[in-house]
Structure formats: structure tokens, C-alpha cells
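Hi,

Here's the structure I promised to pass along. Have a look at it first, then read my notes underneath.

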Amino acid sequence: MRDDWKAIVCITRGGLVPAAIIARELGTRLIETVCVASYHDYETQGELKVLKGISPDLTGDEGDGVLIVDDLTDTGKTAALVRSMLPKAHFATVYAKPKGRPLVDTFITEVSQDTWIFFPWDLGPVSYTHLTLPTSDLV
């Protein structure tokens, strides 16, 4: 796998945290998002809707030199949609399930289709009340 990516495209929202980590490690400064919503009831996935597309600067050459990042490929529907936008891009995920696995180039761990993954960034609201600083510490 190359290390001179011209950009990272992360699929929101799950791909944001992994993409930030990867961008820092690779020294990549250009990070783009593609925003896809799937309306579902956690049993079945509904119709996909692109809320924000990818910059034409990155889609012009079909994504050659672009790294797509997401946290998980599950059914493969979102991956297929984004892959159709950037067919020459390299697609990487943290986790891959069997249905989505054929659509990604790189993944860290394959899990069964019925595995539910809890990501730290998806676990609910965070309370920041314990982080208040005394006003004398503020500059």
C-alpha cells in the first residue's frame, strides 16, 4: 500500500475518528468527507441518501491516489455507493463483515455478520461538567 496519498476521504460519521488517526500517522493534510445517511431501525437498512458529496477535485480522476476510510463495512451498501464515486481509490476499514468485505481493499479485523460493534465515539452523550477550570487558570 502506498504512503503518498493525495487525500483521505472519510465516510461520516464512523470514519471520522479513524481517518483523523490515519491522517496524522501518514502526514496527510487533505481530508474530505462524504456524508451518507441510511434510515433504518437497526434491523434493516433503508434507502441511502448522499447528504454531502465528494469534491470534484478528487472525483475527476476516479479517485486515483485517494484513501477512503470508514470504521466498518457491514452490508456493503454504503461502501458500494462510495466506491462508485471513487472507483480507483483504495478503500480501508477498521472492521469488515462478510457481506461488505468484497468492497474494501484493506481492513484490520473481519467479524461475523451478526456481530454488533460498539465504538467509543458512538456510545452516547459525553458530560464535560467535570472539566471546568478555575477562571484564574485561563489566559
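Below is what I found, starting with the sheet and moving on to the cores.

Keep in mind that this is a predicted model. Its six strands make an open sheet with mixed pairing, and the order across it is E3-E2-E1-E4-E5-E6. E3 (48-52) and E6 (106-110) are the edge strands; each has a single partner, so one side of each has no neighbour in the sheet. On average, neighbouring strands are turned by 20° against each other, ignoring direction.

If you want a pair to zoom in on, try E4 (residues 66-73) and E5 (residues 90-96): they run parallel and are joined by six bridges. Val-69, for instance, has Ala-92 in E5 as its bridge partner. Helix H1 (residues 16-26) packs on the sheet, where it touches E1 (7-12), E2 (31-38), E4 and E5. The direction of H1 makes about 165° with that of E1.

Now the nonpolar side. The largest core has 16 residues, and Val-9, Val-34, Ile-68, Val-82, Leu-86 and Phe-91 have the most contacts inside it. E1, E2, E4, helix H3 (77-85) and E5 each give two or more residues to this core, with E1 supplying the largest share, three residues.

Phe-91 is worth a click too. Beyond its neighbours within four places in sequence, its contacts include Ile-11, Ile-68, Ala-79, Val-82 and Leu-103, as well as Asp-70, Arg-83 and Asp-105.

Apart from the largest core there is another one, of eight residues, including Cys-10, Ala-23, Val-69 and Ala-92. So the bridge partners Val-69 and Ala-92 turn up again in this core.

Cheers

Key:
Residues are numbered from 1 along each chain as its sequence is written. This is a predicted model: local features need pLDDT of at least 70, side-chain atom pairs count only at pLDDT 80 or more; totals for chains, interfaces and linings use all residues. Side-chain values use heavy atoms; hydrogens and water are left out. Two strands pair if DSSP finds at least two bridges between them. Helices (H or I, at least four residues) and strands (E, at least two) are DSSP runs, numbered from the N terminus. Axes are lines fitted to C-alpha atoms, for helices over the stretch in contact, and angles run from 0 to 180 degrees between N-to-C directions. Contact means heavy atoms within 4.5 Å. A nonpolar core is a set of buried Ala, Val, Leu, Ile, Met, Phe, Trp, Tyr and Cys residues joined through side-chain atoms within 4.5 Å. Buried means under 20% relative accessible area, exposed over 50%, partly exposed in between (1.4 Å probe, protein chains only).
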